[in-house]
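Grab a pencil and work through these exercises one at a time. Try each task yourself before you read the solution under it.

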Amino acid sequence: MKFRWQRRHVGELIARILMYFSFVIVAGSLALILWTVLSKGLPALTWDMVSQTPKGGFYLGKEGGILNAIIGSLYMAGGGTLVALLFSLPLALYLETYLGESRWGYWVRLSLDVLWGIPSIVYGAFGFTIMLALGMRASLLGGIIVLSLLELPIMTRAMDEVIRRMPRDLEQAALALGSTKLEVAIRVVIRQMMPGIVSAILLAFGRGIGDAASVLFTAGYTDRIPTSLMSPAASLPLAVFFQLGTPFPEVQQRAYASALILTIIVLVISLGSRWISAQVGKYSVK
Amino acid sequence: MTNSSNLASRQKQEKTTRRTIFIISLLPLTLIIAVTVALVVRSWPILEQYSLWELLSGTVWKPMRGQFGFWPFIAGTFWVTAVGVILAVPPCLLTALYLAEYARATTRVIIKPLLDVLAAIPSVVYGVWGVIVIVPFVGDVLRPALSEWLGFIPLFASNQPTGYSILSGGIVLAVMISPFIIAVTYEVLMTAPQDWRLGSLGLGATRWQTIRYIIFRQTLPGMIAGIVLGTSRAFGETMAVMMVVGNVAQVPRSVFDAAYPLPALIANNYGEMMSIPLYDAALLGAALILLVIVLIFNLASTLVLQRLLGRNWV
């Protein structure tokens, strides 16, 4: 039968062209972002940037680097991730082991999803009011606490999704041998699902290190590397923001370099977490 | 005998742990309530002094004189979000459709992780990109061109000389939420049963007809929910928007006007000037407005997606 053009074939063609077109637009603009950050940041990236704290006149274009922000960000995101982990690992195991598809489990998951959607600026404002009420000043500890609030829903839900993929028969075999549910959770589920759990932790860490709005009031900003939990701490996103806000081209160059550093950290973490999560079940019982 | 006492102690251990962790499981719900209550309590002074209508519809923002009109900020938030979502949705839907219905398996295997990686890029980096690329583009190219051709439409009138505008904010937002919207809508599209697809194609329908008459019927609510979820992300986005939108407290009339969205208001002013009476209550009131809008959007879309996917969206 000879092919005859009909209206529907034209529709198909148009739809297909539009799809290719939008695919290219979306992929192109995302690639453009990476390219912009790379091409602007790379020339300004020097060893001093990552190895020194700001010296006098740094924000006028003089010597120094953003080591304070790098260390501050790592401390803050690291601390926040640790605190969030303390709550989210037990919570994720509890959701899976005891709550399952029960009504309370439904409510806990729903509230985690809603928490996930709360803008970080709201967390920041909330954290700051609480700190004011407690008489705390902007500090590393404040930043850690707010980031842990921000990361808690992300980490818990990611772990929950991973732990759900746990092979049922393995769990049941352990139960049949007389283990309590707690022992199954700690000795079997965690071990089996370790790569997925680690990848959830990295996901939350990446989200935490990139967030600026929540630490804006709670952690403050300083040119020194924080020495105690009570001292204020700088962070990379804010370093980018403040440096870009200055009128000096040299300092703006450094903002590009700082953005590149931040992007590299986040991309490495994100790719690492993907790689690790691909290892789920590779070294554990099948 | 030792064995059974051992068992008893193990079971006791299990019980105590279970009770302890039950307390942790109260945490998420408590946190939502705590955030809401804290914001209501702290913004109460201003809610008490002015009527809600006065606050929401007032257009004058002069904290020094005790005038707190939120309307410019609310309008700014809506404008930027609307422009962002309108720009993002058509290409994102089409891209998701392409990935789900047309693309080869290898393309999918490459694109999916890439989307996850792009979703992880911090908002401040999107902001930097906006300042370097989008603001000059809007200011030097789009604004002259569009206001020349379409300037008679108030929406495209150019009232200020820079590219720091709603359109810049919208473009940056659109790019930012696109990995997210694509991921959700793709996931929703994949819930349509393969049999329906094959059945429709087997009857001689084109792929586009299959999408339009079969796949959309099934997945439309989910797609809308995904878009709403993306919208609520856009609402609360602070840094990236704040860096390109100009931050001028006015009710915008054109996409080339500067705006001052709620998150930027909080970020720029909170923590300073606490000596002005009611200022801090007003800013927390802004956070409360943001929270309420986002909670409503989130809850509605999560519930729809849950029903459709049979599980929660992560």
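Domain bounds here come from an automatic or database domain assignment. Residues are numbered from 1 along each chain as its sequence is written, while chains are lettered from A and ligands numbered from 1 in the order in which they are written. Keep in mind that this is a predicted model: local features need pLDDT (the predictor's confidence in each residue, from 0 to 100) of at least 70, side-chain atom pairs count only at pLDDT 80 or more, and totals for chains, interfaces and linings use all residues.

**Exercise 1. Find the domains of chain B and describe how they meet.**

Step 1: Split the chain. Domain 1 of chain B covers 1-49, and domain 2 covers 53-309.

Step 2: Look at the spacing. Between the C-alpha centres of domain 1 of chain B and domain 2 of chain B there are 35 Å.

Step 3: Count the contacts. Two residues are in contact if their C-beta atoms, placed from the backbone, lie within 7 Å. By that test, 10 residues of domain 1 of chain B meet 9 residues of domain 2 of chain B.

Step 4: Sort the residues on the domain 1 side of chain B that touch domain 2 of chain B: there are 6 nonpolar, 3 polar and 1 charged. For this sorting, Ala, Val, Leu, Ile, Met, Phe, Trp, Tyr, Cys and Pro count as nonpolar, Asp, Glu, Lys and Arg as charged, and the others, Gly among them, as polar.

**Exercise 2. List the elements of each chain, then work out why chain A is called more spread out than a compact globule.**

Step 1: Know what to count. Helices (H or I, at least four residues) and strands (E, at least two) are DSSP runs, numbered from the N terminus.

Step 2: Start with chain A, which has 12 helices and 0 strands. Its radius of gyration is 24 Å, well over the 19 Å that the globule rule gives for 286 residues, so chain A is more spread out than a compact globule. That radius is taken over C-alpha atoms, and the rule is 2.2 Å times the number of residues to the power 0.38.

Step 3: Check the spans of chain A. Its C-alpha trace runs about 70 × 65 × 35 Å along its principal axes.

Step 4: Now do chain B, with 12 helices and 2 strands. Here the radius of gyration is 24 Å against 20 Å from the globule rule for 314 residues, so chain B too is more spread out than a compact globule. The C-alpha trace of chain B spans about 80 × 65 × 35 Å along its principal axes.

**Exercise 3. Is Gly124(A) buried or exposed?**

Step 1: Get the cut-offs. A residue is buried if 20 or more other C-beta atoms lie within 10 Å of its own, exposed if 12 or fewer, and partly exposed in between, with C-beta atoms placed from the backbone.

Step 2: Place the residue. Gly124(A) sits in helix H5 (residues 120-134) of chain A.

Step 3: Apply the test. Gly124(A) has 31 other C-beta atoms within 10 Å, so it is buried.

Step 4: Look at a neighbour. Val146(A) is 22 residues from Gly124(A) in sequence, yet their C-alpha atoms are 6.7 Å apart in space.

**Exercise 4. Do the same for Val141(B) and Asn247(B): how many C-beta neighbours inside 10 Å does each have?**

Step 1: Val141(B) belongs to helix H6 (residues 123-150) of chain B. It has 11 C-beta neighbours inside 10 Å, so Val141(B) is exposed.

Step 2: Asn247(B) is in the loop between helix H10 (239-244) and helix H11 (262-269) of chain B. With 18 C-beta neighbours inside 10 Å, Asn247(B) is partly exposed.

Step 3: Check the backbone. Asn247(B) has a phi near 55°, a positive value in a residue other than glycine.

**Exercise 5. Describe where chains A and B meet.**

Step 1: Count both sides. Chain B brings 68 residues to the contact and chain A brings 71.

Step 2: Sort the chain B side that touches chain A: 47 nonpolar, 15 polar and 6 charged residues.

Step 3: Zoom in on Val128(B). Leaving out residues up to four places away in sequence, Val128(B) touches Val37(A), Val240(A), Leu244(A), Ala255(A), Tyr256(A) and Ala259(A).

Step 4: Check the confidence. The predictor gives the complex an ipTM of 0.88 and a pTM of 0.88. Chain B has an average pLDDT of 86, with 95% of the residues scoring at least 70.
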